[in-house]
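Here are my notes on the model you sent round. Please read them with the coordinates open.

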Amino acid sequence: MDLYKKRLLLLLLFQILHVLGSPSDDYSFSLDMFYGGSFDDGTGSGKYSFTYALVRPDGTWSFAKKLSDIVDVERLEETENNVEKMDITAALQHIKSVVKPDLTLLHFLCLKGMTTYRALFEALDIPLIGGSAESRYLSMDKLKTRGVLLAYNNVSCAEGLVLNKGDPIPTAHIKYPCIVKASKGEDSKAVRLVRDRQSLDAAIEHALTFSNQVIIERFIEGREIRCAVVKSEKTGDIQALSCIEFNVRQDGIRTTQDKLLCDEKGLPICKAPKSKTWFLDPAKEAELITRIQLQSRRAFLELDLQDFGLFDFRVDLEGNPFFLECNLFCSFGFQSFLNVVARNSGFTDESLFDLMVQNALLRKAKIY
């Protein structure tokens, strides 16, 4: 058997979409379909063999060689099909004995999907693109992320305070405008800009519907910029890529509507048309780019991340960057943020994905 055929058998990729049963998870399911459908299963020019799995709200699983066999990626819904439905016990046995994946790529966006299901594959000793479940628990909890970075004191964060559910509101210590955000939440649904005392209570009450802890921090008037970081497991090199700026008013924030276009049910169907971005020009803003890249690499290390990370910063009117949040999701589709930035930094979609695959396989090799 030649080397090419060995690679074809070795790199059998299992890609999974997930939905839970509560109404709020319809939002995550719609996003999973949207991002999962954007992944080109021709990636790798024949080096990989792909199997898809769909997990339904009732807990049943199905498997297919092509996502289009079970999902209408344009309508973001499952199609009529004759694929077998399995409970989780049968599905895990199918994965181990039939699919036999060498690594996994999870298209999960909800908390349980990003953490519990990732831990499930760790328990099966199947390596994961993107790193551990532990890193997801940390990055998806803004309070924990903030706590780690403040402990190291190498990444700038806006001044703020933490409010637990049931605590009295320390109005005397809050200055306006401020940002009120839940420690957990996605796509800015749990974030509000508060300009006066009259709006504070409603913003806190809204945030508490997402988590039992709320962060109230100083609003940074200025720009919003994202930096991506990728790591090579083979060389240990941590590379901060090009910086992208979002089209945001200096005195405003990016809302869910700025990010995604939703249908009449409030479910996301595509990126918002008004979601405009542009790369920072190194010839004009070299110092700012360097500062953001440095803080992004520091955050990557201090949060003990693997493979890649996306870091959002607010830059004040004096040009000082302040960390907002870390995102560890990537679909590796053509329009994925990481892919767009990586292409601008010298990668191709294929070389980026090859690096992620190599990283996951090397981590497993080091364990054993």
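The points below cover charged pairs, one helix and the cysteines.

1. Status of the model. This is a predicted model. Please keep that in mind for every distance and angle quoted here.

2. Salt bridges overall. The structure holds 15 salt bridges. I take up three pairs and one network.

3. E224 and R314. Their side chains meet in a salt bridge, with N to O at 3.4 Å. The pair links distant parts of the chain, 90 residues apart. E224 sits in strand β11 (residues 222-231), and R314 sits in strand β16 (residues 308-316). Are the two partners buried or exposed? E224 has a relative accessibility of 8%, so it counts as buried, the cut-off being under 20%. R314 is also buried, because its relative accessible area is 3%.

4. D307 and R363. Here the closest N and O atoms are 2.8 Å apart, and the two residues form a salt bridge. D307 lies in the loop between α9 (282-302) and β16, while R363 belongs to helix α11 (residues 349-367), so the pair ties together parts that are 56 residues apart in sequence. Both D307 and R363 are buried.

5. A network. R146, K181 and E217 are joined into one network by salt bridges that share partners.

6. D251 and R249. What of a pair with accessible side chains? D251 and R249 meet in a salt bridge through their side chains, at 3.2 Å from N to O. D251 has 34% relative accessibility and so counts as partly exposed. R249 has a relative accessible area of 57%, over the 50% cut-off, and is therefore exposed.

7. Shape of α9. How far apart are the end C-alpha atoms of α9? They are only 26 Å apart, although the helix has 21 residues. A straight helix would reach 30 Å at 1.5 Å a residue. There is also a bend: α9 turns by about 45° at L288. Please look at the backbone there.

8. Buried residues of α9. L288, where the bend of about 45° lies, is one of the buried residues of this helix. The others are I289, I292, Q293, Q295, S296, A299, F300 and E302. An α-helix has 3.6 residues a turn, so residues three or four places apart point the same way. What covers the buried residues of α9 includes α6 (142-152), β11, β12 (238-246), β16 and β17 (321-327). Strands β11 and β16 appear again here; they carry E224 and R314.

9. E287. This residue is found in helix α9. Its relative accessible area is 63%, so E287 is exposed. The C-alpha atoms of E287 and G319 are separated by 9.4 Å, and the two residues are 32 residues apart along the chain.

10. Ends of α9. Which residue caps the N-terminal end of α9? D281 does: one of its side-chain oxygens lies 2.9 Å from the backbone nitrogen of A283. Just after the helix, D304 takes a positive phi of about 55°. Please check both ends on the display.

11. Cysteines. How many disulfides are there? The count comes to zero, as a disulfide needs a pair of cysteine sulfur atoms within 2.5 Å. C157 has a relative accessible area of 15% and is therefore buried. C326 is buried as well, with 7%.

Note on methods
Residues numbered from 1 in each chain as written. Predicted model: local features only at pLDDT ≥ 70, side-chain atom pairs only at ≥ 80, totals over all residues. Heavy atoms only, no water. Salt bridge = Lys/Arg side-chain N within 4 Å of Asp/Glu carboxyl O. Helix = DSSP H or I, 4+ residues; strand = E, 2+ residues; numbered from the N terminus. Buried < 20%, exposed > 50% of the residue type's maximum accessible area, 1.4 Å probe, protein only. Expected span 1.5 Å × (residues − 1). Bend = angle between axes of the 7 residues up to and from the residue. Contact = heavy atoms within 4.5 Å. Polar contact = N/O pair within 3.5 Å; in protein donor to acceptor, adjacent residues only side chain to side chain.
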